[in-house]
Amino acid sequence: MAERMSALAQNPPSVWRRLDPAAALGRLSETRYWMYLLLVPSAILILAVVLYPTVYGFQLSFRQMRLNRPDLGTGFVGFKHYIAMWHDKVFWLSLRNTAVWVTFAVIIEFGLGLVAALALNRNLPGTKIMGVLILLPFFLPNVVAGHMWALLLDPRLGVINDILVRVGILDTYKAWFADPSTALGAAILVEAWHGFPFFALLLLAGLKGVPDDLYKAASVDGAGPIRQLRLITLPMLRSVIAAAVILRVIGLVNSPDLLLILTGGGPGQSTQVLSLYAFQKAYKDFNFGYAGALSVVMFVLLMLFAWAYVRVSKVNQD
Amino acid sequence: MITTSRRARLGWNIATYAVLITLTIFCIFPLVWTLLTSLKYEADIVTQTMQYIPKRITFDNYVAIWTQSGFPTLVFNSFVVTATTVVLCLITGTLAAYSFSRFHYPGRGALMLGYLVIRMFPAVLMIIPLFILMRGIGLLDSRFGLALAYTSFLLPLFVWMLKGFFDAAPKELESAARIDGCTRLGAMIRIVLPLARNGLVATSVFVAIAAWNEFLFALMLTTSQGSRTWPVGLQLMVGEFQLPWGVLAAGGIISIIPVMILFAIVQRTMVHGITAGAVKG
């Protein structure tokens, strides 16, 4: 194929030139629209499977659509869903839970990730394998991660309960996910386990880009490791940290997977977050209009956050 | 740190090892415990006193999950969906990444940003219309439809990661090929793609792992045994049949084996690809 193509390119018989699709594509690649043509297949896919559904979703949030009650029709209802949301206690609760869930998960994951990255960046002998093992949770599926931790924290068979009782921290086994006061905290622990390697990964890559000279100069000036971290490492990592935080917040706000598997929003609504609430409205109640409105609000809030965050981290830079 | 004393340095080294060992245990303990659970008899799991090291080992749980449920079908479906997703990404994403990497043209930056912004769209906002649309054109509950949905949110990642690998491939060989009479297409296929081979593999593996693990879209867009993937199947089994812990653990271990193998093989290149974009930008 390859030989034939080059042969054709050098000495193209007139008939083949018109019929051979490879040669035709080759000629097409010499036109000045080639760079745009290369984008066409992926752009079509993205338009059809992302952009069109998203626009449709926005539109849906202003319409009545219940798959299980087609008699209600699909009429235009204006801001009905948004007004209903304003009076929906569960919406406000899940908004609050989303804020708690995202804030604490990001803080813990960033903390653990930074510690891991700093430790790995010292390149001590034998730590390479640990670097690989530490990254592993990030690549494991939510379903397995969720059930692993459900087993570890099980109220009857959980090994974590057993250890805590043996050490003397707990008196009896605790039903972490059944108690509204601990359910969200336990879920955040699982999420931290799953997500902190992402921070470790990005921060470690960022650390490798910090010039050694800076540290040498600082230690000549008598700055200890803590001050070096505060005055050199963190400022040098600012853009990496900003990128990592944004990506992680987007991921945490948008994906209800782990909570869906661990608690399903319960007990009560104590672990209900916006994305999960919207998903359940669609998946369980088939109330597509309201679910659409919930996800639109979520999307707008996320955009506002991203915009504000980027602005703030830029302002600091000047 | 040239002036820090040897004692201080020793202290930091010990602290470093302590931190890393603690984090490593934190990371792999759940995995180890799941593996141990999958090898225990149910009677040894549900006991009064916890067995840390199993006194006897059995593979019954693995036999049970593999033969008594539709697990092989689920795994096969996942395999088909994952392979289809990777092929779709490879065909469309490679071209786009090449365009972004090798050409400079008006609108390029905006287009690249556009590909990235797509990642911000909430899955839930897309899932509902996708459900309606796919039901309309008969792609609901089909493996191809699911792969199409996966491609939509994995393609931007694929393009960005692969662009990094293409950027790293030297341009001189390509120019030489062009001077020798190669078309742009020929130079891309015969020079650039082989040069970026490792990057192609690592990027594909990254997408494959994500598709293999995906849960939410699969839950919404598949409804029958014919196209259901393993994460959904496993989750439904837990709900419907009160799956015993040992069997559930065995199912989990079986389904993460492919992930671990792929991760182990291309871990270095993949990690490089994931981080390159974020650090530069």
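**Exercise 1. Determine how far apart the ends of residues 75–266 of chain B lie, and what secondary structure the span holds.**

Solution. The end C-alpha atoms of residues 75–266 of chain B are 22 Å apart. The span is 81% helix and 0% strand. The model in which these values were computed is a predicted one. The span itself is taken from a record: an unreviewed UniProt entry lists residues 75–266 of chain B as "domain: ABC transmembrane type-1".

**Exercise 2. Carry out the corresponding description for residues 95–309 of chain A.**

Solution. In an unreviewed entry, UniProt gives residues 95–309 of chain A under "domain: ABC transmembrane type-1". In the model, helix makes up 74% of this span and strand 0%. Its end C-alpha atoms lie 19 Å apart.

**Exercise 3. State which residues of chain A UniProt lists as "transmembrane region", and describe two of these stretches in the model.**

Solution. The unreviewed entry lists residues 33–58, 99–120, 132–152, 183–207, 228–250 and 288–310 of chain A. Consider residues 183–207 of chain A: the stretch is 100% helix and 0% strand, with 35 Å between its end C-alpha atoms. Consider next residues 288–310 of chain A: this stretch is 100% helix and 0% strand, and its end C-alpha atoms are 32 Å apart.

**Exercise 4. Describe how chain B is divided into domains, and analyse the contact between them.**

Solution. Step one is the division: domain 1 of chain B covers 6–59 and domain 2 covers 61–280. Step two is the separation, which is 32 Å between the C-alpha centres of the two domains of chain B. Step three is the contact, to which domain 1 of chain B gives nine residues and domain 2 of chain B gives 10 residues. On the side of domain 1 of chain B that touches domain 2, the elements giving two or more residues are helix 1 (6–38) and helix 2 (42–45) of chain B. Helix 1 of chain B supplies the largest share of that side, four residues. By class, the residues on this side of domain 1 of chain B are three nonpolar, four polar and two charged.

**Exercise 5. Repeat the analysis for the domains of chain A.**

Solution. Domain 1 of chain A spans 2–72, and domain 2 of chain A spans 80–317. Their centres, taken over C-alpha atoms, are separated by 37 Å. The contact draws 10 residues from domain 1 of chain A and nine residues from domain 2 of chain A. The side of domain 1 of chain A that touches domain 2 consists of four nonpolar, four polar and two charged residues.

**Exercise 6. Characterise the contact between chain A and chain B.**

Solution. The contact joins 85 residues of chain A to 81 residues of chain B. Helix 4 (residues 34–60) of chain A gives the most to chain A's side, with 15 residues. That side of chain A has 62 nonpolar, 18 polar and five charged residues.

**Exercise 7. Establish how helix 7 and helix 10 of chain B are oriented, and which residues join them.**

Solution. Two packed helices are described by the angle and the distance between their axes. The axes of helix 7 (residues 143–168) and helix 10 (residues 197–213) of chain B come within 10 Å and cross at roughly 155°. Angles over 145 degrees count as roughly antiparallel, and the two helices of chain B are therefore roughly antiparallel to each other. The crossing of helix 7 of chain B past helix 10 of chain B is right-handed. Residues making the contact include B:Tyr150, B:Leu154 and B:Phe158 of helix 7 of chain B, and B:Gly199, B:Leu200 and B:Thr203 of helix 10 of chain B. By class, the residues of this contact are 11 nonpolar, two polar and no charged.

Note on methods
Residues numbered from 1 in each chain as written. Chains lettered and ligands numbered in written order. Predicted model: local features only at pLDDT ≥ 70, side-chain atom pairs only at ≥ 80, totals over all residues. Domains from an automatic or database assignment. Contact = placed C-beta atoms within 7 Å. Nonpolar A, V, L, I, M, F, W, Y, C, P; charged D, E, K, R; others polar. UniProt positions renumbered as here; feature names shortened; annotations may be inferred. Axes fitted to C-alpha atoms, helices over the stretch in contact; angles between N-to-C directions. Parallel < 35°, antiparallel > 145°, perpendicular 65-115°, else oblique. Left-handed = near helix turned anticlockwise from the far one by under 90°.
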